[in-house]
Amino acid sequence: AQSNAQNLLLAFSNTDQDLVTKVFPRMAVDNISFVAKSDELIKAFGSRYLKSHREKHLVHVVTQKMRTLARLLIQMQLEYPSIKTLQECLVPKHFDLIVKCTKTVAGYDISKDLYGAPSVVLKIGNMLKQCCDIAEFNLLKHCNNLTLDEAQSSTQKAIINTRSIIEKQWSYEVSTNASKEILQKKWNKPAFLPLTSDIQLFRNHL
C-alpha cells in the first residue's frame with residue numbers, strides 16, 4: 001500500500017511514466033526506494049538507462065542502479081546534511097566525501113582493507129560520470145537563453161570538473177583495489193571438473 005501511494009503521487013508529477021509503471025513497482029518499499037523515486041537526477045539516470053536498454057529483464061538492473069545511487073545520496077546527506085539532491089554532490093569540493101561514502105556503501109572494512117561488495121565501487125564510478133553528463137544535458141536543455149547565465153555557467157563548470165576528477169582520480173582512490181579484489185575472488189573460486197558420468201551423458205547426446 002505504501003509503495004502504491006508513492007507511485008501514485010509520482011504518476012501525477014513529471015516523472016517518466018515508464019519508470020512509474022515498470023521500474024518503481026519492482027522496488028522494495030523502504031527509504032532507499034523513496035529517495036530513488038524522489039531525486040530528479042536519479043530518476044533521469046533511470047529513464048536514460050531504460051531507454052537504451054529495452055530488454056524486460058534489465059528492469060531489475062535499473063532498480064538496483066537507482067537504489068545504489070540513492071544509498072550513496074543518503075550516505076552523503078548523513079556526512080553533509082546540507083546536501084539535498086544528488087546533483088548537489090557533483091561539485092569538486094565533495095569528491096573526497098563521495099569517495100568516503102562510496103566506500104561505506106560498498107561495505108569497506110578499513111581493518112582488512114577489503115570491500116564487502118567491490119563491484120559496487122566500479123558501478124558507482126561509472127554511474128556518477130553518467131549522472132554528470134545528464135546533469136549538464138538538463139542544464140543546457142532548460143537554458144532560457146542562447147548562452148548560460150552566470151549561475152548556470154558556474155554549475156556547468158562544477159559538473160564538468162567533477163566528471164573530470166572522477167575520470168582521472170577514481171581508479172587511484174577506490175576502483176583499482178576493488179578490481180583487484182574481484183579478480184582475486186575469481187582466482188580463488190574453485191574450478192569444478194565434470195564427472196566422468198557427466199561426460200558420458202554429454203557424449204551420448206552428440
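Which helix is valine 59 found in? Select the residue and you land in helix α5. Keep in mind as you click around that this is a predicted model.

**Stop 1: valine 59**

With valine 59 still selected, check its surroundings. Its relative accessibility is 9%, so valine 59 counts as buried, the cut-off being under 20%. Now show what lies around this side chain. If you ignore neighbours within four places in sequence, valine 59 is in contact with Lys22, Val23, Arg26 and Leu50. Add leucine 19 to the selection too: the C-alpha atoms of leucine 19 and valine 59 are 9.2 Å apart, while the two residues are 40 apart in sequence.

**Stop 2: the whole chain**

Zoom out and switch to cartoon. You should see nine helices and zero strands. Following the sequence, the pattern reads α-α-α-α-α-α-α-α-α. Colour by burial and 38% of the 206 residues count as buried. If you like contact maps, here's one number to go with yours: among contacts with a separation of 6 or more, 65% are between residues 24 or more positions apart.

**Stop 3: the nonpolar core**

Next, select Val23, Met66, Leu128 and Trp170. These are the residues that touch the most other members of the largest nonpolar core, which has 46 residues. Several helices feed into this core: α2 (17-23), α3 (31-38), α4 (40-52), α5 (59-79), α6 (95-105), α7 (118-141) and α8 (150-188) each contribute at least two residues. Val23 may look familiar, as it was among the contacts of valine 59.

**Stop 4: α3 against α5**

Hide everything but α3 and α5. Two packed helices are described by the angle between their axes and the distance between the axes. Here the axes are 8 Å apart and the packing angle is about 100°. That falls within 65 to 115 degrees, so α3 and α5 count as roughly perpendicular.

Turn on sticks for the residues that meet. From α3, pick Asn31, Ile32, Ser33, Val35 and Ala36; from α5, pick Met66, Arg67, Ala70, Arg71, Leu73 and Ile74. Sorted by class, this contact has seven nonpolar, two polar and two charged residues. Met66, one of the core residues picked out at the previous stop, is on the α5 side of this contact.

Now centre on serine 33, in helix α3. Buried or exposed? Serine 33 is buried, with a relative accessible area of 0%. Setting aside neighbours within four places in sequence, you will find serine 33 in contact with Met27, Ala28 and Arg67. Put a distance label from serine 33 to threonine 68, C-alpha to C-alpha: it should read 9.6 Å, for two residues 35 apart in sequence.

**Stop 5: α4 against α7**

Swap the display to α4 and α7. Their axes come within 10 Å and cross at roughly 100°, and these two helices are therefore also roughly perpendicular to each other. On the α4 side, select Leu41, Ala44, Phe45 and Arg48; these meet Met127, Gln130, Cys131, Asp133, Ile134, Ala135 and Asn138 in α7. The class breakdown for this contact is seven nonpolar, two polar and two charged residues.

**Stop 6: aromatic pairs**

How many aromatic pairs does a search of the whole structure find? Three. A pair of aromatic rings is described by the distance of the centres and the angle of the planes.

Start with phenylalanine 45 and tyrosine 49. This pair is stacked, with 6.4 Å between centres and 25° between the planes. The two residues are four apart in helix α4, which means about one helical turn separates them. Both phenylalanine 45 and tyrosine 49 are buried.

Then go to tyrosine 108 and tyrosine 115. Their ring centres are 4.9 Å apart and their planes are at 45°, so this pair is tilted. Tyrosine 108 counts as partly exposed at 24% relative accessibility, whereas tyrosine 115, at 6%, counts as buried.

**Last stop: aspartate 113**

Finish in the loop between α6 and α7, where you will find aspartate 113. Most residues other than glycine have a negative phi. Aspartate 113, which is not a glycine, has a positive phi of about 55°. Show the surface here and you will see a partly exposed residue: the relative accessible area of aspartate 113 is 42%.

Note on methods
Residues numbered from 1 in each chain as written. Predicted model: local features only at pLDDT ≥ 70, side-chain atom pairs only at ≥ 80, totals over all residues. Heavy atoms only, no water. Core = buried A, V, L, I, M, F, W, Y, C linked by side-chain atoms within 4.5 Å. Buried < 20%, exposed > 50% of the residue type's maximum accessible area, 1.4 Å probe, protein only. Axes fitted to C-alpha atoms, helices over the stretch in contact; angles between N-to-C directions. Parallel < 35°, antiparallel > 145°, perpendicular 65-115°, else oblique. Contact = heavy atoms within 4.5 Å. Nonpolar A, V, L, I, M, F, W, Y, C, P; charged D, E, K, R; others polar. Phe/Tyr/Trp six-rings, centres within 6.5 Å; stacked < 30°, edge-to-face > 60°.
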